[in-house]
Amino acid sequence: MSNIRVRFAPSPTGELHIGGARTALFNYLFARKTGGTFVLRIDDTDLERSRTDYIDNLIASLKWLGLQWDEGPYYQSKRLTEYTGEAERLIKENKAYRCYCSMDELAAGRVDAKKENRAYQYPGTCRHLTPEQEETFKKEGRQPVIRLRTPDEGTTVVSDEIRGEVSFENTGIDDFIIIKSNGLPTYNFASVIDDLQMKISHIIRAEEHLSNTPRQIICARSLGYDLPKFAHVPMILAPDRSKLSKRHGATSVEEFRDQGFLPEALVNYMALLGWSPGGDEELITLEKMVENFSLERVNKTAAIYDVGKLAWMNSQYMKDYDPQLLSEAAIPFFEKKNLLTAKPGDDEKNKLNKIVIAVRERAKTLDELADIASYFLTDDFEYDEKGVKKHFKKEGASRHLRQAASLIDAMPEFEAMDLEKAFHRLSEELQISAGRLNPLVRLAITGRMGGPGLFETINILGRQKTAARLKRAADYIDSIT
RNA sequence: GACCCCUUCGUCUAAUCGGUUAGGACACCAGCCUUUCAAGCUGGCAACAGGGGUUCGAAUCCCCUAGGGGUCACCA
């Protein structure tokens, strides 16, 4: 095991979306590639917004994607004394100080800054308070925050594995808060302490954190720790180039799952957003990704995700999926559409398998697959309107169907070859072409114009059902003509 | 507004010390295959943001402009 340690540290304030999932994936790939350790940490210091059901969602989503972590989950909410202890130490070392400014006072400063059209910075009001002044404030009942004393000059350089050296003027960084008045740490403090204490060697996270990094570096230096390496991966944007949000349709891993995407396809697709293995291969297994992964090959540009390509990729995975596993995965979608009344037994599973194999390459998602295959599981379907016009309203249609029905009734069991031959003879008898008979029969037994091969369809449907549907269609034709 | 990052087909991307007819994939269009719908196969459309340099030679290096994004909380 190498010394490489990475972490995925989401805050449980929402469902895991593909941006976060992709960050987790890159961490996972990097850890596997380097023989390192992948740590999961839950950054739940924001009591207001953190929710346990989001933690469940996070964990379920990671597991579903197959991104197994090696350590954790750790919870920041359980490590609070760690942060306050470090903050007290910094105060003793005169690297941090208590600030008694009220939120209103600070807000007023911000309003002024806005008016003068300049960036707001904490003016350092409490930087040099005497013990007496502190006493007075305390007597007034003010709850202090703790601020870090940050350098007033010089530059802080972020050395980023993906972006190179990025430097920031220290004048742009004020004495920011590390412990809030409620005693909880802020992100820039807790996260730094955890990363350092957990011996994280590479912080791989989204680009939105790049601007925060100089603060964290200053923080780490005050604390007296060595710096980890940083790698800021590009963001994933919605099709309208804005940040991902609910109004962009499905963005969370759970939603993609519920829409019938396979985890392998989603992982494959996410990996290719901001990274490429180099060659022309796009359909690659997780193993292959691990083998080829390097931060060097991660892009700098934000990527816009395209559900269309995800769907295509999903269809590719469905085609090659183990049929057993695929029909297993499809069951919830059949259930959702009320196509499965009870838990399927062995016989039904067998049938499901056949159905899934027959329709899989016609669907892009499991949800679509269940739609396409619905007529195999229910008699309750409508006839395609165009099809009715084209095939049912033709001279002799109902007679042809009745003939086909008696043909099938007369057949003891189905052999695809026999069926085909029998239909061939039938079309000769009826003196119509197979090109006219077959679509008519298809419409009668499936209600649709397209689908798996006709004889395969009849085979799966079974003799009785097929014959019954043929007669039903014939009756229907008689009733409308 | 300040600071920071980014810029190759509509979208994802390749071209990793400068020399390519700028490659692939999705989508789209056409053809083939096919009893249908798909799938598959073949072909087509389509990009180096703009302007200056450096160089024999720039998508690649430098500068400027424009555009996009991110951060500026007692959120993470």
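User: Which side chain has an N or O atom 2.7 Å from a phosphate oxygen of RNA strand B?
Analyst: This is a predicted model, and the distance is computed from it. Arg163, Lys180, Gly274, Glu282 and Arg362 are the closest residues to RNA strand B. One of these five puts a side-chain N or O atom 2.7 Å from a phosphate oxygen: Lys180.

User: What distance separates a polar side-chain atom of Gln316 from a phosphate oxygen of RNA strand B?
Analyst: Gln316 falls within helix H11, residues 307-320. Its polar side-chain atom faces a phosphate oxygen of the RNA at 3.1 Å.

User: Which side chain has an N or O atom 3.4 Å from a base nitrogen of RNA strand B?
Analyst: Bases also count among the RNA atoms within 4 Å of the protein, alongside sugar and phosphate. A polar contact needs N or O atoms within 3.5 Å. The pair at 3.4 Å joins a base nitrogen to the side chain of Ser211.

User: Of the atoms of RNA strand B within 4 Å of the protein, what percentage belong to sugar or phosphate?
Analyst: Lys180 and Gln316 each have a side-chain atom paired with a phosphate oxygen. Ser211 pairs with a base nitrogen instead. Across the RNA atoms within 4 Å of the protein, the sugar or phosphate share is 71%.

User: Which element gives the most residues to the surface near RNA strand B?
Analyst: Several elements supply at least two residues each, including helix H4 (103-115), strand S7 (164-169) and helix H19 (434-446). The top contribution is 5 residues, and the element is H11.

User: How many residues of the surface near RNA strand B are charged?
Analyst: In total, 58 residues surround the RNA. They divide into 18 nonpolar and 20 polar, with the charged group numbering 20.

User: Why do S4 and S8 each have one side without a neighbour in the sheet?
Analyst: The open sheet has 3 strands, ordered S4-S5-S8, with antiparallel pairing. S4 (96-99) and S8 (177-179) stand at the edges, so each has a single partner strand. The average twist from one strand to the next is 45 degrees. The unpaired sides follow because S4 and S8 are edge strands.

User: Which residue in S8 is the bridge partner of Ile146?
Analyst: S5 (145-148) is joined to S4 by 4 bridges, and Arg98 stands opposite Ile146. S5 also pairs with S8, over 2 bridges. There, the bridge partner of Ile146 is Ile179.

User: Are the residues on the two faces of S5 buried or exposed?
Analyst: In a regular strand, side chains alternate between the two faces of the sheet. Val145 and Arg147 lie on one side of S5, Ile146 and Leu148 on the other. Both faces are covered, and all four of these residues are buried.

How values were computed: Residues are numbered from 1 along each chain as its sequence is written. Chains are lettered from A and ligands numbered from 1 in the order in which they are written. This is a predicted model: local features need pLDDT of at least 70, side-chain atom pairs count only at pLDDT 80 or more; totals for chains, interfaces and linings use all residues. Side-chain values use heavy atoms; hydrogens and water are left out. A residue is near a molecule or strand if one of its heavy atoms lies within 4 Å of it. A polar contact is a pair of N or O atoms within 3.5 Å; within protein, one must be able to donate a hydrogen and the other to accept it, and residues adjacent in sequence count only if both atoms are side-chain atoms. Ala, Val, Leu, Ile, Met, Phe, Trp, Tyr, Cys and Pro count as nonpolar, Asp, Glu, Lys and Arg as charged, and the others, Gly among them, as polar. Two strands pair if DSSP finds at least two bridges between them. Axes are lines fitted to C-alpha atoms, for helices over the stretch in contact, and angles run from 0 to 180 degrees between N-to-C directions. Buried means under 20% relative accessible area, exposed over 50%, partly exposed in between (1.4 Å probe, protein chains only).
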